[in-house]
Amino acid sequence: MVHVLSSRILLRPTDPERSRAFYGESLGLPVYREFGTGPERGTVYFLGGGFLELSGRGDAPPAPGLLLWLQVADVRAAYEEVSAHGVEVLRAPRREPWGLDEMWISDPDGVRIAVVEVPGDHPLRFRP
């Protein structure tokens, strides 16, 4: 059995400064730590119970199947906030057939991000 102590998602953005501006300023993710120097330095952001690390530089955008899922307390407030920061909203918030309120955005390299609110009456909020 693998005993995981911590985890993080690693992204190698094609333009690290642009991606740092997106995650740090447009989304307002708090910084956990930074390391290295120069434009390809590493920045690790808090992502709820995990972390998102931007470090180095990729020659191409991440794999097209890579998706991030971010749970928020209020998806409509998140919509207003990211829209005010110029983030392209791929799909405005709406209730999905499975009962979650979701909106979709993407980062500068096209990584799709689901921003999700779990309504108070959703089964994910209850334990048997």
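Buried means under 20% relative accessible area, exposed means over 50%, and partly exposed is what lies in between. Keep those cut-offs handy for the exercises below, and remember that this is a predicted model.

**Exercise 1. Arginine 20: buried or exposed? Work out where it sits and what it touches.**

Step 1. Start with the element: arginine 20 belongs to helix 1.

Step 2. Now apply the cut-off. Arginine 20 has 7% relative accessibility, so this residue counts as buried.

Step 3. Look at what surrounds the residue. Leaving out residues up to four places away in sequence, arginine 20 touches Glu25, Gly38, Pro39, Glu40, Arg41, Thr43, Tyr45 and Leu54.

Step 4. Check for charge partners. Salt bridges with shared partners tie Glu17, Arg20 and Arg41 into one network.

**Exercise 2. Find the residues that touch the most other members of the largest nonpolar core, and say which elements build that core.**

Step 1. The largest nonpolar core has 20 residues, and the ones touching the most other members are Tyr23, Leu27, Ile105 and Ile113.

Step 2. Next, list the elements that put in two or more residues: helix 1 (16-26), strand 3 (42-47), strand 4 (50-54), strand 5 (67-71), helix 2 (75-84), strand 7 (101-106) and strand 8 (112-117). Helix 2 is the top contributor, with 3 residues.

Step 3. Zoom in on tyrosine 23. Skipping residues up to four places away in sequence, its contacts are Leu11, Gly28, Leu29, Tyr45, Leu52, Leu54, Leu68, Asp107 and Ile113.

Step 4. Don't stop at one core. There is a second, separate one of 5 residues, and its members include Leu100, Trp104, Ala114 and Val118.

Step 5. For background, nonpolar side chains tend to be buried together in soluble globular proteins.

**Exercise 3. Lay out the open sheet of 4 strands: what is the strand order, and which strands are at the edges?**

Step 1. Read off the order, which is 5-8-7-6, with mixed pairing.

Step 2. Pick out the edges. Strand 5 and strand 6 (89-95) each pair on one side only, and these are the edge strands.

Step 3. Get the angle between neighbours: on average, neighbouring strands of this sheet are turned by 15 degrees against each other, direction ignored.

Step 4. Take one pair in detail. Strand 5 runs parallel to strand 8, and the two pair over 5 bridges. Leucine 67 stands opposite arginine 112 of strand 8.

Step 5. Add the helix. Helix 2 packs on the sheet and touches strand 6, strand 7 and strand 8, while its direction makes about 160 degrees with that of strand 6.

Step 6. Try a residue from the edge. Valine 89 lies in strand 6, and with 24% relative accessibility it counts as partly exposed. Residues up to four places away aside, valine 89 touches Tyr79, Val82, Ser83, Met103, Trp104 and Ile105. Its C-alpha is 7.3 Å from that of serine 106, 17 residues apart in sequence.

**Exercise 4. How many salt bridges does the structure hold, and which residues pair with aspartate 109 and aspartate 101?**

Step 1. The count is 9 salt bridges.

Step 2. Aspartate 109 pairs with arginine 18, with 3.1 Å between the closest N and O atoms. This pair links distant parts of the chain, 91 residues apart: aspartate 109 is in the loop between strand 7 and strand 8, and arginine 18 is in helix 1. Aspartate 109 is buried at 11% relative accessible area, whereas arginine 18 is partly exposed at 37%.

Step 3. Aspartate 101 meets arginine 76 in a salt bridge, 3.7 Å from N to O. Here aspartate 101 sits in strand 7 and arginine 76 in helix 2, 25 residues apart. Relative accessibility is 3% for aspartate 101, so this residue counts as buried, and 41% for arginine 76, which counts as partly exposed.

Step 4. Aspartate 101 also forms a salt bridge with arginine 95, at 2.4 Å from N to O.

**Exercise 5. Where is glutamate 53, and what does it touch?**

Step 1. Glutamate 53 is in strand 4.

Step 2. Its relative accessibility is 9%, so glutamate 53 counts as buried.

Step 3. Setting aside residues up to four places away in sequence, glutamate 53 touches Arg8, Ile9, Leu10, Leu11, Arg12, Phe35, Thr43 and Val44.

Step 4. Finish with a distance: the C-alpha atoms of glutamate 53 and leucine 124 are separated by 28 Å, with the two residues 71 apart along the chain.

Key. Residues are numbered from 1 along each chain as its sequence is written. This is a predicted model: local features need pLDDT of at least 70, side-chain atom pairs count only at pLDDT 80 or more; totals for chains, interfaces and linings use all residues. Side-chain values use heavy atoms; hydrogens and water are left out. A nonpolar core is a set of buried Ala, Val, Leu, Ile, Met, Phe, Trp, Tyr and Cys residues joined through side-chain atoms within 4.5 Å. Buried means under 20% relative accessible area, exposed over 50%, partly exposed in between (1.4 Å probe, protein chains only). Contact means heavy atoms within 4.5 Å. Two strands pair if DSSP finds at least two bridges between them. Axes are lines fitted to C-alpha atoms, for helices over the stretch in contact, and angles run from 0 to 180 degrees between N-to-C directions. A salt bridge is a side-chain nitrogen of Lys or Arg within 4 Å of a carboxyl oxygen of Asp or Glu.
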